[in-house]
Amino acid sequence: MISIHEFKTAKEAGVSAAALVADVVRHTPDAVLGLATGSSPLDMYAELIRLYREGSLSFAGVRTVNLDEYVGLAPTHDQSYAYFMHHNLFDHIDVHPENTNLPSGLAADPAAECARYDAVVSSFGRLDLQVLGIGNNGHIGFNEPSDSFSKGTGLVHLTASTIDANARFFASRAEVPTAALTMGIGQILSAERILLLAFGEKKAAILKEALYGPVTPQVPASILQFARQVDVFADEAAMQVIHG
Ligand code: F6R
């Protein structure tokens, strides 16, 4: 089931999205949260930090699994997703560092690292809430358009469109990693609840395709039509094609 929540701005959506996450954590203090990086969750993370600081929310029992990490970037690299998570959330709340998980971009054996990460994800036995952004090409996590839906964590080669989109975070396009480790579509779909964040006109066309088009691995986010419960938090700009 898909519920769409539309907001005037991404900021307002982020505040409401944080309220949804906070509800899950208050209801299930040892919740397993699947987390995303990128620009979409930034306002939500800022609001979660504010709720923690005002004393109305604790992450002390929460476990987290992040969707993905670039191959080749150390956690200290300022564009690694490990760095992003510490900088934008973990270092500012009371989550225990040992309860936070990301795939390692530096693993010498990516296949072994994917197997390790699959074991971490399945050791929790549940995924209470999965936060997602959506790529301009419909990717979720770093599951790029493909001929099949992936099940578990895998090594993926990023498409030119994703490398272009992410070049804004690096000094030059040449510095953008070309591969990543990502949780699979099967793992994402196992979540009890999914929170999809989509902001800005660049997401408008793909959001409509994902939510109302055919379910196909060429638009990985289209599989969300088969998820248990999806809450889409979008701003007006991202909703403009859906409204027609
Ligand atoms: C990030 C991730 C990606 C992003 C997507 C949208 O962990 O898995 O799928 O969610 O590329 O990125 P932004 O939010 O920067 O538009």
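This tour moves through a predicted model, beginning at the ligand and ending at a pair of aromatic rings.

**The ligand and its pocket**

Select the ligand first and display the protein as a surface. The ligand sits in the largest pocket. Next, show the residues around the ligand, which number 14. Among these, Ser40, Asp68, His139, Gly141 and Lys203 come nearest. Colouring the shell by class gives eight polar, three charged and three nonpolar residues.

**Polar neighbours of the ligand**

Select Thr37 and display its side chain: an N or O atom there is 2.9 Å from an oxygen atom of the ligand. Move to Ser39 and show the backbone, where a polar atom is 2.8 Å from an oxygen atom of the ligand. Then select Gly133, which has a backbone N or O atom 3.5 Å from a ligand oxygen atom. With these residues in view, consider the cover of the ligand: taken alone, the ligand exposes 410 Å², and the protein buries 93% of that area.

**A pair of aromatic rings**

Leave the ligand and turn to the aromatic side chains, among which five aromatic pairs are counted. Select Phe7 and Phe233 to see one pair. Their ring centres are 5.5 Å apart and their planes lie at 15°, under the limit of 30 degrees, so the pair is stacked.

Finally, display the strands that carry these rings. Phe7 belongs to strand E1 (residues 2-7) and Phe233 to strand E10 (residues 230-235), so the pair ties together parts that are 226 residues apart in sequence.

Definitions and conventions:
Residues numbered from 1 in each chain as written. Predicted model: local features only at pLDDT ≥ 70, side-chain atom pairs only at ≥ 80, totals over all residues. Heavy atoms only, no water. Near = heavy atom within 4 Å. Polar contact = N/O pair within 3.5 Å; in protein donor to acceptor, adjacent residues only side chain to side chain. Areas by Shrake-Rupley, 256 points an atom, 1.4 Å probe, with all protein chains shown as cover. 1 Å grid on protein atoms, 1.4 Å probe; cavity = no way out; pocket = protein on both sides within 12 Å on 5 of 7 lines; lining within 4 Å. Sits in = over half its atoms within 2 Å of the grid points. Nonpolar A, V, L, I, M, F, W, Y, C, P; charged D, E, K, R; others polar. Phe/Tyr/Trp six-rings, centres within 6.5 Å; stacked < 30°, edge-to-face > 60°. Helix = DSSP H or I, 4+ residues; strand = E, 2+ residues; numbered from the N terminus.
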